[in-house]
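Me: I've got a model open and want to talk through a few of its details. Can you take my questions one at a time?

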Amino acid sequence: MSATSRNTWLVPAGSFVIAVLLSLLSGPGRLAAARLPADPTGSDPCHAPTKKDGENDAGGTVDGAKITTEAQGRAGEFGYASDIEWFLRKPSGDVRFFGGAKNGAKGGGDHHHKSNTTMRGWELVKGAKASQCCHPATLDTQINLSVQAHVSVPGPGGTNTSSMWVSVSMDEFADNCAEDRPLKKTITRTLSLTVTRTVDANGKLTDTVKATDSENPGMPNPPLDSAGYATLDVTLKGFEPWFFQKKTQMDYRGIATIVKVQAEKGNNQVAEALTYAFKPSSKYSVADDGTLNECKN
Amino acid sequence: MQKLSALIGTWAAILLSAQTPPETETVIRAAVDEHFAIMPESWRQEYSHRLAARVDDPRVAAATRARILKECEGLIDTKAIPLLTVKTSLRAFPAAAPPEETILEGIRLCSTEVEAILKNAVLYAPLSEEEKAARRADLKTFEREALRILDERIVGDDRARGIIAARVAERFRDYDDAIGDPIRPFLNSPLPPAALREMIDDVEKAFPKEKKYSVTDLKGERDADSQKLRELGVEDLIFGVVVQKILAPIYRASWADPAALKEVLATQERLREWQVTTSEAIRSRAIEQKIEADKLRALLDPPSRVPRPITRANDGPSPGSPAARKDAPKAPDGASSTPAPPASRSRWPIIAAVAAFLVVLLLRLLRRPSAPPT
């Protein structure tokens, strides 16, 4: 075998070496980037969803009669004659509270509030090595809050009013395996809405709509439509780029309160308040390399 | 004998009053404490005492007094509603609270309105059933006139007219039970004979007969019909004719003390101004505070950077990596719900092992001594 023929071995061998180098440059940093579960049911061998502490109850009164189920509450909203107050709490964190007054009734009060807590997140599954499960991830929180008032026009000398507030807070916890420091962060948002419609002795109608948003003090008040509805929707957003290996956890708490619903006498006189904390389409999620893994409770 | 009867009557009255608990001031005080809690104790005591004295005046009819006591809490509660908007704003932005004197001013205005209403309420004598029936008949006359006026201005079929008539009837029906109410007076005394004519003239002037409202497409469903009537401007017409031009003048004429009504209207106007000014002050202050807080946060807490994860030398392939997950959930269309990784990333350990073997082989070949030339 000549020297020239021996040197021909160098061509394929060198190609392989270059291929290896390129492969190393493009890939090895992602060795530890294990993906999060695409669903939170625990199919990921590295992480499992943490337990959730939700509630699943409904209750209240419709014209003084006690109700205990969601169906009774929803039916009551259409059929009450004088007053209604009912709440709904779901394991998803959904906290909904409705209060209504007709025909000279009044309801609500600061002591009537309902809250819910639910804990969601991921932790290392038993037996998995923490060193292998360092996720580059972002904790992405989007919780929708909503308040709605419905108030009719009273007669002369009368006032109808609806006032409510709703508050949501989210505590985020995670370890940072890249920096060895914990994340502890709380984000909160509070909404309130008060609508009052007054007709004075001269027949002059005065509508007062006042809304507040803790994150946006300069927010304009929502319009009161011709049917007497005013609605305010906001989203509490949290976005944290992070690395976690052992556990990330999100504790959610929502409080809904009907402060006051009061209507003058008359069956066509009405004051209603509807509050939502964690309205449907809210989500807690972890985004990993563009993949969105939502918590669907 | 006459003197004896008077003496017995006086003693009976004293005994009766002794048996009655001092409920007026207690009832009023409870409501005052609840709704005007921020006011000094001495003010609440003095105010409750003053209101109780008005209600307990011997000239006040027993039935009127009882009615006032029954509705007193509701009255104070309703008249304190303007404080609600400020209260909810303060709940959201407690640090933006206005000076205490501003809040006290709002409460004083509410309390003035309550007192003016009570000043008027104590003047009423309860109506007999016959009087109530007569007032109801008067009200029916007004309702018929209102319907006639609306009918003249509506262009529509019988169904549309029937729906509008029902809306008008609802507005009047609200007042069936209100006749003779001392707190919210309505037809407590007969109206002057010319009142009806004057009101009708006023309506005709405000809503000319020539302007017609075409009403079509009513379905008989309350919500849908209400929406249609609003779009057509008929709701405004009903409100203008029934509430502004008929019910409001009746309400005004029902006040026994016109000075008290004037005071109520003036106080309501001042309360509206107070509400707007105070809410705006809280809002402006909250905006300033938010801007300051954001600036401070930006200084103290710069945006977090995202570091690369620490890669350990002994790290093997992650058991959670997509390649290792045989049970990865599939999307409905059959595709993996997580994006497939590039092929080079999943195959690189095999390539590296093969490459290492070839490098070793190459080195051994290069080190082999070559045969001497022959």
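Me: How many disulfides are there over all chains?
Reply: Keep in mind that this is a predicted model. A disulfide calls for two cysteine sulfur atoms within 2.5 Å. Going by that cut-off, the count over all chains is zero.

Me: Why is Cys72(B) not in a disulfide, and which cysteine has the closest sulfur?
Reply: A disulfide is a covalent bond between the sulfur atoms of two cysteines. For Cys72(B), the closest cysteine sulfur sits 14 Å away, which is too far for a bond. That sulfur belongs to Cys110(B).

Me: Is Cys110(B) buried or exposed?
Reply: Cys110(B) is in no disulfide either, with the sulfur of Cys72(B) 14 Å away as the nearest one. Buried means under 20% relative accessible area. Cys110(B) comes in at 0%, so this cysteine counts as buried.

Me: What does helix 2 of chain B span from its first C-alpha to its last?
Reply: Helix 2 of chain B runs over residues 23-35, so 13 residues at 1.5 Å a residue give an expected 18 Å. The computed reach is close to that, at 19 Å.

Me: Which residues are exposed on the other side of helix 2 of chain B, away from the buried ones?
Reply: The buried set includes Ile28(B), Ala31(B) and Val32(B). The buried residues cover an arc of only 165° around the axis, so they lie on the same side of the helix. They pack against helix 3, helix 4 and helix 5 of chain B. On the other side, the exposed ones are Thr26(B) and Glu34(B).

Terms used. Residues numbered from 1 in each chain as written. Chains lettered and ligands numbered in written order. Predicted model: local features only at pLDDT ≥ 70, side-chain atom pairs only at ≥ 80, totals over all residues. Heavy atoms only, no water. Buried < 20%, exposed > 50% of the residue type's maximum accessible area, 1.4 Å probe, protein only. Helix = DSSP H or I, 4+ residues; strand = E, 2+ residues; numbered from the N terminus. Arc of directions from axis to C-beta. Contact = heavy atoms within 4.5 Å.
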